[in-house]
Amino acid sequence: MYEQWGIDVEAAMRDTAKIPISVHCWQGDDVTGFEVNQQELSGGIEVTGDYPGKASNGEELRQDLEKALSLIPGKHRVNLHAIYAETDGKDVGRDELEPHHFQRWINWAKENGLGLDFNPTLFSHPKAEDGLTLAHADENIRRFWIEHCRRSRKIGEAFGKALGTPALTNIWIPDGFKDVPSDRYTPRLRLKDSLDEIFKEEIDPRHNLDAVESKLFGIGSEAYVVGSHEFYLSYAMKNNKLCLLDTGHYHPTEMVSNKISAFLPFQEKIALHVSRPVRWDSDHVVAFDDELKELALEIVRNGAAEKVNIGLDFFDASINRIAAWVIGTRNMCKALLFAHLMPNEQLKQLQEAGNYTERLAILEEFKTYPFGAVWDYYCETHDVPPAAEWLTEVKTYEKDVLSTR
Ligand SMILES: C[C@H](O)[C@H](O)[C@@H](O)C(=O)CO
Ligand SMILES: [Mn+2]
């Protein structure tokens, strides 16, 4: 059926397999991390649920990631946060972190042929208690976070050097106000200054790429977020940084799929946190829904697979955490395969010719093409279980490993 449209199914599978997804480690432990002085999750992000068996150290988290990755077709990446440093019981401040605190992650990534990405952690910390970090009026606090971000880029650089693939080091801060500000400008000036300090040192883009992640609002920053979309878009354009678009960080009817082609004429690279907002930035597990398909289509039909760094960002503790990773990441891969199996060139020509009747007719017909069969075949060719067969393995792992923790 696909070949009748001139679609080369084997080529579609090959091209899908070339796209790495950066799998976020923080789904595995509810964004807890391994710091010696662990703090409550803060910064306006929430994890709900208490499913048993969560990973509580590096060994467990890596073991769980390995299990999840073994059920996902293709070769992918792992995205770390600074709170996943392993310091052997020593209380190392975030402004003191060094690449060697991530040596076990680097060794593991090397053994498993994975790339690593990184994020400084500017929440869940006494110096982020009032929800302000890089835009803080207190110079000591602001300096502390500048130093943390500076060091984070060096950690990203070390990942890139060791693994031969650039790390994406992404800065997200919670800074904002619950209620109407009396001055929106000064905190933004301070954030700009902080970023200038952080990025002062040039780092070879073959080892590290810098991204900045905007947000519309958070819990405790309902009225104003310093690092808004316009702020970071302007900063990234002027300073040659990547804008990271989190699909949960916009107005409920504002679609990130619609933004990709607006960025592409101007930006060499874009980064994504693919998430599933349900009424708000709720970070639900990514589903194979219309917006996910549209996002993948925008990447594939615009030939932008190498320009868009795809990362995931969801955390659900009400279900098995390995299953959450597998469902969300398989759905991202599924959407990319789906996008490669559309008659994109014909659809483009129909639009150019003003033939919107046929454009709609064909888009609708393809919704019921036998995509599931191709997906199963894709999984089999990558030696991972097709359809829901992966669930049996997750259940066995839950019985043998998770339930013993
Ligand atoms: C833990 C992540 O870095 C965090 O979720 C951030 O990326 C975000 O999206 C905050 O809303
Ligand atoms: Mn995010």
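Visitor: Which residue in E6 does threonine 169 stand opposite?

Guide: Keep in mind that this is a predicted model. Strand E4 covers residues 167-171 and strand E6 covers residues 208-213, and the two run parallel, joined by five bridges. Follow E4 to threonine 169 and look across to E6: the residue standing opposite is aspartate 210.

Visitor: How many of the five residues of E4 are buried?

Guide: Take the strand one face at a time. On one side sit Ala167, Thr169 and Ile171, all buried, and on the other Leu168 and Asn170 are buried too. E4 is therefore largely enclosed by the rest of the structure, and the count of buried residues is five of the five.

Visitor: What is the bridge partner of arginine 77 in E3?

Guide: Arginine 77 belongs to strand E2, residues 77-81, which runs parallel to E3 with five bridges between them. Over in E3, the partner of arginine 77 is glycine 115.

Visitor: And E3 itself, which residues lie on the side with Leu116?

Guide: E3 spans residues 115-119 and is mostly covered, with five of its five residues buried. One face carries Gly115, Asp117 and Asn119, all buried. The other face is covered as well, and its buried residues are Leu116 and Phe118.

Visitor: Let's turn to the ligand. How many charged residues are in the shell around ligand 1?

Guide: The residues surrounding ligand 1 are Trp26, Val31, Ile45, Asn119, Trp172, Glu213, Lys215, Asp246, His273, Asp281 and Asp313. Asn119 is a name you've met already, as one of the buried residues of E3. Sorted by class, the shell has four nonpolar residues and two polar ones, and the number of charged residues is five.

Visitor: Now the helices. Are H4 and H5 parallel or oblique?

Guide: H4 is residues 139-163 and H5 is residues 185-198; their axes come within 9 Å and cross at roughly 40 degrees. Angles under 35 degrees would count as roughly parallel, and 65 to 115 as roughly perpendicular. The crossing angle therefore makes H4, relative to H5, oblique.

Visitor: Is that crossing of H4 and H5 left-handed or right-handed?

Guide: The angle alone, roughly 40 degrees, is one part of the picture. The hand of the H4 and H5 crossing is the other part, and here it's right-handed.

Visitor: At what angle do H8 and H9 pack?

Guide: H8 takes in residues 290-301 and H9 residues 321-340, with their axes 8 Å apart. Their crossing is right-handed. The two are oblique to each other because of their packing angle, which is about 55 degrees.

Note on methods:
Residues are numbered from 1 along each chain as its sequence is written. Chains are lettered from A and ligands numbered from 1 in the order in which they are written. This is a predicted model: local features need pLDDT of at least 70, side-chain atom pairs count only at pLDDT 80 or more; totals for chains, interfaces and linings use all residues. A residue is near a molecule or strand if its C-beta atom, placed from the backbone, lies within 6 Å of it. Ala, Val, Leu, Ile, Met, Phe, Trp, Tyr, Cys and Pro count as nonpolar, Asp, Glu, Lys and Arg as charged, and the others, Gly among them, as polar. A residue is buried if 20 or more other C-beta atoms lie within 10 Å of its own, exposed if 12 or fewer, and partly exposed in between; C-beta atoms are placed from the backbone. Helices (H or I, at least four residues) and strands (E, at least two) are DSSP runs, numbered from the N terminus. Two strands pair if DSSP finds at least two bridges between them. Axes are lines fitted to C-alpha atoms, for helices over the stretch in contact, and angles run from 0 to 180 degrees between N-to-C directions. Angles under 35 degrees count as roughly parallel, over 145 as roughly antiparallel, 65 to 115 as roughly perpendicular and the rest as oblique. A crossing is left-handed if the near helix is turned anticlockwise from the far one by less than a right angle, and right-handed if clockwise.
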